[in-house]
Amino acid sequence: MADVRPEEARAALAVIEHTSRTTLSEIRRVLGALRSDAGPPHVDMPRSGLEGLPELADRVTSTGLAVDLDISSAVDDGRPLPTAVGVSVYRIVQEALTNVVAHSAATRCRVAVHVGRREVTIEVTDPGPPRRTRPAAEGGYGLIGMRERALLYGGTFQAGPDRAGGFRVSARLPYESPGAPQ
């Protein structure tokens, strides 16, 4: 892609760089809090949650990949999504989009996030085809990190080729919201 469409390659690398830097910053904050002798660890959570998804979609769109973002909610009583869950949703979507930019020849993808009363579901799909094939053993930690985030909440995670020839990432993160009706 760098030889054929250098501008798109630069934009894709910029998205990958931004994702890497924000993730590294988050890790440093967590490690700093855990290493602190000043009392119980307090982690300053990143501010990106559901409200950051439109900006993320816009940033990815600047690479030449159109992102169809659909955020819906069954919760209309003003209760906010727990912050840590919102950050995990953001990070899963961010990593899934980074993978589309890096590994797919798709020009469009779809992100669907649905906030239910007790769980959030995420689905990121691209029609493919893959840009290049590489054995799973050479892969990075993106899919592993997404899986770990979902499992942290007792949720589920799936990623792989879909029947139409593209790729699909889906996650379900259960949560409890203070004051939620049982």
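How many residues does helix α3 have, and how far does the helix reach from its first C-alpha to its last? In this predicted model, α3 covers residues 83–103, which amounts to 21 residues, and its span of 30 Å is close to the 30 Å expected at 1.5 Å a residue. Of those 21 residues, 17 are buried, so the helix is largely enclosed by the rest of the structure.

Just ahead of this helix, in the loop between β1 (66–73) and α3, is P82. Because its relative accessibility is 22%, and buried would require a value under 20%, P82 counts as partly exposed. Leaving aside neighbours within four places in sequence, P82 is in contact with Y175 and E176, while its C-alpha atom is separated by 9.6 Å from that of G49, a residue 33 places away along the chain.

The helix also takes part in enclosing an internal space. A search of the whole structure finds one cavity of 30 Å³ or more, and the largest cavity holds about 30 Å³ of space. Its lining consists of A96, V100, V124, T125, D126, F167, R168 and V169, with at least two residues supplied by each of α3, β3 (119–126) and β5 (167–174). By character, five of these lining residues are nonpolar, one is polar and two are charged.

As to confidence, the protein chain averages a pLDDT of 80, and 74% of the residues score at least 70. Over residues 39–45, however, pLDDT stays under 50, and the model has nine contacts beyond four places in sequence for this stretch. Where pLDDT is low, the predicted coordinates should not be read in detail.

Methods. Residues are numbered from 1 along each chain as its sequence is written. This is a predicted model: local features need pLDDT of at least 70, side-chain atom pairs count only at pLDDT 80 or more; totals for chains, interfaces and linings use all residues. Side-chain values use heavy atoms; hydrogens and water are left out. Helices (H or I, at least four residues) and strands (E, at least two) are DSSP runs, numbered from the N terminus. The expected span of a helix is 1.5 Å times one less than its number of residues. Buried means under 20% relative accessible area, exposed over 50%, partly exposed in between (1.4 Å probe, protein chains only). On a 1 Å grid over the protein atoms alone, a cavity is a set of points where a 1.4 Å probe fits but cannot get out, and a pocket is an open set with protein on both sides within 12 Å along at least five of seven lines; lining residues have an atom within 4 Å of a point. Grid points are joined across faces, edges and corners, and a volume is the space filled by probe spheres set on the points. Ala, Val, Leu, Ile, Met, Phe, Trp, Tyr, Cys and Pro count as nonpolar, Asp, Glu, Lys and Arg as charged, and the others, Gly among them, as polar. pLDDT is the predictor's confidence in each residue, from 0 to 100. Contact means heavy atoms within 4.5 Å.
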